[in-house]
Each structure stands twice: as C-alpha cells, then as structure tokens.
Amino acid sequence: MAENELDEGKRRFLLTATTVATGVAAGAAAVPFVASMLPSERAKAAGAPVEVDVSDLMPGQKKIVEWRGKPVWVVRRTPEMLKAIETDDPRVADPDSSRSQQPPYAKNKYRAVKPEYLVTVGICTHLGCSPVDRLQAQPEPFEPDWHGGFYCPCHGSLFDLAGRVYKNKPAPENLPVPPYKFVGDTKLVIGDDTQGA
Amino acid sequence: MAATEKKLPVTGAGPFNGILTWVEQRFPLITLWKEHAAEYYAPKNFNFWYYFGSLAMFVLVIQIVTGIFLVMHYKPDASQAFASVEYIMRDVPWGWLVRYMHSTGASAFFVVVYLHMFRGLLYGSYRSPRELVWIFGMVIYLSLMAEAFFGYLLPWGQMSYWGAQVIVNLFDALPIIGPDLALWIRGDYVVSDATLNRFFSFHVIAIPLVLVALVAAHIMALHEVGSNNPDGVEIKKNLGPDGHPVDGIPFHPYYSVKDTFGVMVFLAVFAVIMFFMPEFGGYFLEYNNFIPADPLKTPSHIAPVWYFTPYYSILRATTDNFMVVLAAIVTLWSVGVVTARAHRPIRILAMIVGALLVVLGFVYVERLIFVGVFVAAALASAAAMLVSRGATARAYRTLFIAAVLLAGFKLLDAKVWGVVLMGLATLIFFLLPWLDRSPVKSIRYKGPLFKTAVALFVIVFLVLGYYGTQPVTAAGTFISQLCTLLYFAFFLLMPWYSTIDKTKPEPARVTW
C-alpha cells in the first residue's frame, strides 16, 4: 500500500471502534446519575412496624395510622356491616380476593384476622388516592343502593367494607391488606406478622 | 485573519456603525438580526391568531424572570415548602406579586399555547414543509406540561401532593417496569421530600433549559421554511425583483410593532386576573392547595389544573365497559378492512357478527382463554402475512394488529389502557402533518367535512376539559367516553375525510 493512500477499511474500523467505546463510556457515566434517583438508604430504612391501640375505637368507627408513609385504616365493623359485606359478593370484581394483595391469613370472607377489625392500606389501587369514608348504608350520588364502604374522589372507584373493589370501576384490585398481627385483644402491630416470641 | 475578512462596514446605525462593525467582524450580530427580524419576510396577511406565538415567548420570559426571584425565598423541603410559599405571600416585599405573576403566568402560558396550536390547526401550519416546526412545537407543549406538573408540587399543598401522587402512579400502571419506574421517579415509596427535591431540580433547571433550546429550534425551523399564513399559500412562490416575496413584509418593524400591541392587550388582561382574581375561581390556584399536604388524607374532590383536564377525562373514561367498546371498534375496523372487496351486505353482516362475537367473548370468556385465542390468531396472521404479498399480506397485517390489540385489551387492566390512551391523546398531535391529506392547507379553502370535524374537535376538547374538573358521575363518564371516541376519531379518520372533502381552489396570492 502506498504511503499516501487512504485505508478506508481501517478508517471505518477505527470509527466504529471509537463510536462503540464512546457509547459504552457514556452509558456507564449515566449509571451513577440514574441510580442516584433511586430510593436512598435512609428511605429504604424507614418503614418500621407501627403499634396501634384500638381500645378507644367504637363499633363503626375508623382510625388512620401512618405506616411507611401510607395511610393504614383500622375499621371496627358492626355486625350489620359484616352482613352488608356478605351481600356485596355479586357487586364486587374479585369477591374471593384471588387477585389482590393480602397475607394468607386475611384472604377470607371479611379479609381480616378478626372479622370485627378491617385493616387495610387506604390507597386506591387505581392511581394512589386515599378513598374517603362512606361507611353508612344509604343512597349516595354514585350508587343509589349503597351498602357502605369507601369512595375514591379521584376517579370514582368504590370499595365495600372489606376493601373489595366494585365491578367496572377504574381500580383493578381490592385494597391491599398489610401484614399485621394482634398483640392482645385491642392492640395490633402493622408491618409485622411474625408470631411467637 | 478572520476579523478582517468581513470588511463591509455596518451602516444605518449612526454613531454606532463603528462599534457594530467591530462586533460583526467577530460575531454575526447584525447578520442574525437581519435574518430573524429586519429581513425576515413574513406574509403580510397575518391576523389575530398570529399574536399567540410571540405571546408564548413573552410569557416564557415572565415565567423565567419571576421564577428566578421566587427561588430566592422558596425552600424545596417537605417540612418547609408550604410555609416558605406563605412567607413569600406575606412577608417578602412584593413577594405576593411575584408569586401571583408566576401562578397566573402558568395558566396564561397554556391559554396562549392552546390558541397558538389551534391557529396551526386552522391554517394547516403543520403541513409540508413545516412538519418540523410543528414537531418542535409539540415537544415544547409536552415539556411545558412536564414543567407545569413539576412546578405544581412545589407549594406542597394538598392538590400538589395528591396530583403528583396520581400522575406518578400513572407510570406504576405500566406492565413489568411500572412499579420500579414509579419508585425511581419518586425516589421513595410514596411522594416525599425526595420527590419534592428532584421536582424542584427539574422545574428550575432541567426543563427550562430544554424549553429554551426547543424554542430556539422551533424558530430556526420556522425561519428556514418561512411562516404560513391564513390563506395557506406559499409567499415564496411570488418573488419580487429584489428577491423578497411580494406578499411578504419584514418582521421588524411591521410585526414587532403588531406583536408589541398584542403584548399590551395581553398585559392588560393579565393584570386584571393577577390583581383581582389570581385564583380564577379555583381554576388557576385550586382552593385545596391552601391546605398543607397530608399524605393520609386525599381531598374529597381532586382534579388537575384546568390545562390537564381534557386528558384526565380520557384517563377516567377508560373503564372495563369502555374496553368492550374499543374491542368492538377494533373488530369492526379489521373485519371491514379484510372484507373490503366483498359485497356490501355481506361485509356489513360480517362486521356486525364479528363485533358481536368479540364482545360476547370479551365479557364472558375467561381472561386467559380469550388472550390465548387471540395470541394464537396473532401468530397465525403473522405467519400468513410473511408468506403472502400485496393485498392479502395487508389483510393479514390488519388481522395481526387487531388480534394483538384484542389480546392486550383483555390481558391488561383498563387502568393501563387509560394511561395509554391518555398518552396517545397528547402524542397523536405529532402525526397531524401526515394525517391531513387535503389538497389545501387553510380552513378557508377546506370543505364542510373538515370544518365540521374541527368544530366538533374543539367542542369535544372543551367538554372533556369540563368533565375533567368535575367529580365522577355516571352521566359524566358516559359523555367523556363518547368524547374520547370522537377525540381519536378526529385524528384517525382525518386521512379519509380530508381526502374526500370538497375543497375550494387556493388563490395564487394571499388575500386578506
């Protein structure tokens, strides 16, 4: 090959090699920036279990506690409310809670350890609003034959008193039940369900 | 020597000729001024609708300047943000004015941008050769939405908090990557201090830089191809002896004066709102945002700020029932395409029977079975498409697309499709240059079909916007669903109705 002749093949090779190397380097340089937006160690460490005393909760009342930055509801259900849940089966999308998130011990008719107490994360499974209480069975603008439950003001999802979502509503799943356990008759721990000790 | 190459002295600037010549030899200051103002020839027939481009730039300047001063007092910290905004309102000298300028400016920005986009729609300003002007403009519009969304979290009121919660959760709905993506955006398991800090960063640095760069690109692309006008005819086709369009006039001073008048009128209206009704009845500043953010309690009625509500309505309209309607429409379309050459009665019968079968299957058949059947159908049509050619291949392609959509409609929740439709509703504007097949650009020469479609689209957009501000009702959902279908029909049917429409001939030169 003459001294001044261009080696096109070599040029193309060098061009490709430098492009690939630069691309890899740029991708690698992006990693720390992208990763810096993930939850920090402090955010990950937060989220300890919380203890709730429900001795002051009257039948039909609701209490909100904060767990991992989210509202967790504890509702003390009356016998009428429990009866209403049984009549809700045909109206709700997933009566047996087969799709929704709940610990195995809350996958039952009332979605609870003790039927009297509903414990659920008060965040709509649609887009994360917190539904509002419509606990009384009475005609409501969104449902003339309302059995009591929760109404999401953002997009109109309805949940019954077991946190089960009504059919044909934007929310796809029932309200999730967090892991929890009773320590004593009227005290429960949310975020921890290890038994014994 | 580069500095001595441009010998031509600058003229017409009186005592400044010398210094400007010195600058011009080192930086193309006068050249830029001439290219983009003094010798940028714009059509002479601009009307009222042409105010809004310059007004949008003016509002951008208002937002940047007021933003700089707000940042001097604002604290991007979840425990101090709300109080720091109240501090600006009450204790910072003139802070209330700067803040109200910024909050009113946000809504004003969307008002002028929507009117600016509507002008493009009226006069076909997106048509060749202005596709990139339109696309840059659409990217500006999307960036503006991001800017507004990030900024709305900063006061850390109830609407800030829950608005951000809902929008970030939209990403959560996406299959597979959704939850991790939402976590990455928030930087925490819920909207929190980490989220506020990064939204602040995006709002004051990242997006404004992008916006300014895009505005520059928008104007460079515009000045490359030249402005459209209400007649939609190219003024560059008629050049005078001086090489300039005979129907063009220099932007400066003719339109700089006109636009200055526009700015004056705009400022008068802006001042009335800013001084006397900065909340604008809860539309510009929502009442619930005067309550500090409470992660445990959603306000009883939440709605985004007015400029997002049309898309929010589309999101809410996408329920399980609506998915059945979409499945029926996809079936009607695909069967209609496949049977295009059959006799009309047979074709209609096939479409109706097909749609009925799909609807019944969609409602009554188990999810996995339905999905399995249509995935199999999609694979079969894909295989058939590969071995056939011409019209047959196109028919199989249609079947493939339909089968994939139907399987997807059933496989993924209506929630996911709501997010998808909302995203498509904003992105579909990008396709406008290729959807409009009319031989004429301007609405002045378009036929009754296009005029009706545009009028209907405006009504649909406003109705969707209205219902987006309202609580959910059965009637509202139904109307929103109807409007969602019409919204997409406006775009997707445009290649058809813009082709068969009866247009009037365009004039050779611009009129008034």
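B:Ala391 counts as exposed, because just 10 C-beta neighbours fall inside 10 Å. The scale behind that word calls a residue buried if 20 or more other C-beta atoms lie within 10 Å of its own, exposed if 12 or fewer, and partly exposed in between, with C-beta atoms placed from the backbone. You'll find B:Ala391 in helix α16 (residues 390-411) of chain B. Helices (H or I, at least four residues) and strands (E, at least two) are DSSP runs here, numbered from the N terminus. Measuring C-alpha to C-alpha, B:Ala391 sits 41 Å in space from B:Leu181, with the two positions 210 residues apart in sequence.

Bear in mind that this is a predicted model: local features need pLDDT of at least 70, side-chain atom pairs count only at pLDDT 80 or more, and totals for chains, interfaces and linings use all residues. As for labels, residues are numbered from 1 along each chain as its sequence is written, while chains are lettered from A and ligands numbered from 1 in the order in which they are written.

Staying in chain B, let's look at a helix pair. Two packed helices are described by the angle between their axes and the distance between the axes. For helix α4 (residues 52-71) and helix α6 (residues 95-123) of chain B, the angle is about 160° and the axes are 9 Å apart. That makes α4(B) roughly antiparallel to α6(B); angles under 35 degrees count as roughly parallel, over 145 as roughly antiparallel, 65 to 115 as roughly perpendicular and the rest as oblique. The axes are lines fitted to C-alpha atoms, for helices over the stretch in contact, and angles run from 0 to 180 degrees between N-to-C directions. Among the residues that meet are B:Leu55, B:Val59 and B:Ile62 on the α4(B) side, and B:Met101, B:Ala108 and B:Val112 on the α6(B) side. Contact here requires C-beta atoms, placed from the backbone, within 7 Å. The contact divides into 14 nonpolar, seven polar and two charged residues. In that count Ala, Val, Leu, Ile, Met, Phe, Trp, Tyr, Cys and Pro are nonpolar, Asp, Glu, Lys and Arg are charged, and the others, Gly among them, are polar.

Follow chain B on past α6 and there's a cis peptide bond from B:Ser128 to B:Pro129, with omega near 5°. B:Pro129 belongs to the loop between α6 and α7 (131-153) of chain B. Another cis bond joins B:His252 and B:Pro253, at an omega of about 10°, and B:Pro253 lies in helix α11 (residues 251-276) of chain B.

Over in chain A, three strands make an open antiparallel sheet in the order β2-β3-β4. Here β2 (62-67) and β4 (117-121) are the edges, each with a single partner strand, so one side of each has no neighbour in the sheet. Two strands pair if DSSP finds at least two bridges between them; β2(A) and β3 (residues 70-76) of chain A have six. Within this pairing, A:Trp67 stands opposite A:Lys70.

Where the chains touch, 26 residues of chain A are in contact with 33 residues of chain B. Both β2 and β3 of chain A supply at least two residues each to chain A's side, which has 15 nonpolar, eight polar and three charged residues.

Finally, check A:Ser97, a residue other than glycine with a positive phi, near 55°. A:Ser97 is buried, with 20 other C-beta atoms within 10 Å.

Note on methods
Two residues are in contact if their C-beta atoms, placed from the backbone, lie within 7 Å.
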